[in-house]
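User: I would like to go through this model with you. Could we begin with the ligand and then turn to the helices and loops?

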Amino acid sequence: MEQKGSPLGSTGQPQDTARAVQEMFARVAPRYDFLNHLLSARCDLWWRRAAARELREILERPDSIAADLCCGTGDLAFAFARYSRGIVVGADFCHPMLVVAGQKRSRLTSSVTGNTSEPTQGAARTRFIEADTLQLPFRDQSLDLVSAAFGFRNLASYEDGLREMSRVLRPGGAIAILEFSRVQWPVFGPLFRLYFHHVLPVIGTAVSGEGGPYQYLPNSVRNFPDQDALARALREHGFVKVRYRNFMGGIAALHVGFKAGP
Ligand SMILES: C[S@@+](CC[C@H](N)C(=O)[O-])C[C@H]1O[C@@H](n2cnc3c(N)ncnc32)[C@H](O)[C@@H]1O
């Protein structure tokens, strides 16, 4: 899969890219959720919930272990937890993003539903750890599901990312990548691109007070493989039954595949 320089648009070394990504998310962490929901008109929440529903069968297996990589503030991990009968680990290498995830977890686990003291939405099944997706602290073939939502695009190497995700999956385990992609609807596509490349960076910069990240977002999506190229890359890395589903014509796409095995 072709990777056009680093996701930050430089041709920097992988460690420079990783540091730049880490610092960028550390700066926006406190306002990340608010801006995500504002800029996507809350569609991001729907996309993550739909992704969790799509993976429900795996999550509902007793003792399933799922790892949401590049988990940020934890929204996909929490969406998984609604269905999980095992554990959901959220992993990210940006500490301030994990702090927000931890605060959210505390809020969710302390709210009580009705007369029961059941933690809402299964959030008690989530754990958060600081870890680099390119060097995961999981044993070979130990997980049933690995995922990344809007994080895979930021990796310094997509090839290394797929290799590492495959390493930790059991044979038959699932990989799920939710990412911005290419809008395929004819009229909506150009209008969305106008918004994404020209309006979103202005609003994102004004609200976050940070210039870089919301300019970086459309640039990184422009350089990211389209739906078919990402599906091809998954197959080239040994994943089978690869499929993808577009959200809103392809603003985002969910790719799912399975590690070949018995
Ligand atoms: C756009 S945010 C997505 C967060 C979350 N998954 C979501 O759906 O909102 C990207 C996240 O990927 C994380 N990230 C990028 N590269 C990473 C890496 N190599 N290892 C771990 N986390 C990484 C960043 O720290 C950031 O929290």
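Analyst: The following turns cover the ligand site, one helix and a few loop residues. This is a predicted model, in which local features need pLDDT of at least 70, side-chain atom pairs count only at pLDDT 80 or more, and totals for chains, interfaces and linings use all residues. Residues are numbered from 1 along each chain as its sequence is written, and side-chain values use heavy atoms, with hydrogens and water left out.

User: Which residues come nearest to the ligand?

Analyst: Y32, C70, D92, T133 and A149 do, out of 20 residues around the ligand; a residue counts as near if one of its heavy atoms lies within 4 Å.

User: What is the class make-up of that shell?

Analyst: Twelve residues are nonpolar, five polar and three charged. Here Ala, Val, Leu, Ile, Met, Phe, Trp, Tyr, Cys and Pro count as nonpolar, Asp, Glu, Lys and Arg as charged, and the others, Gly among them, as polar.

User: Where is the polar atom of Y32 that lies 2.7 Å from a ligand oxygen, in the side chain or the backbone?

Analyst: That N or O atom is in the side chain of Y32. By contrast, C70 places a polar backbone atom 2.8 Å from a ligand nitrogen, and a backbone N or O atom of T133 is 2.9 Å from a nitrogen of the ligand. The protein covers 97% of the 590 Å² of accessible area that the ligand has on its own (Shrake-Rupley method, 1.4 Å probe).

User: Turning to α5, which of its residues are buried?

Analyst: They are M97, L98, V100, A101, K104 and L108, where buried means under 20% relative accessible area, exposed over 50% and partly exposed in between (1.4 Å probe, protein chains only). Seen down the axis of α5, these residues fall within an arc of 155 degrees, so they line one face of the helix; the arc is that of the directions from the helix axis to the C-beta atoms.

User: What does the opposite face carry?

Analyst: The face of α5 turned away from the buried side has the exposed residues R107 and S110.

User: On to the loops: is R153 buried or exposed?

Analyst: R153 counts as buried, at 3% relative accessibility. A polar atom of its side chain lies 3.5 Å from the backbone oxygen of F150.

User: And what is the phi of R42?

Analyst: R42 has a positive phi of about 65 degrees, although it is not a glycine. Relative accessibility is 53% for R42, so it counts as exposed.

Note on methods: A polar contact is a pair of N or O atoms within 3.5 Å; within protein, one must be able to donate a hydrogen and the other to accept it, and residues adjacent in sequence count only if both atoms are side-chain atoms. Helices (H or I, at least four residues) and strands (E, at least two) are DSSP runs, numbered from the N terminus.
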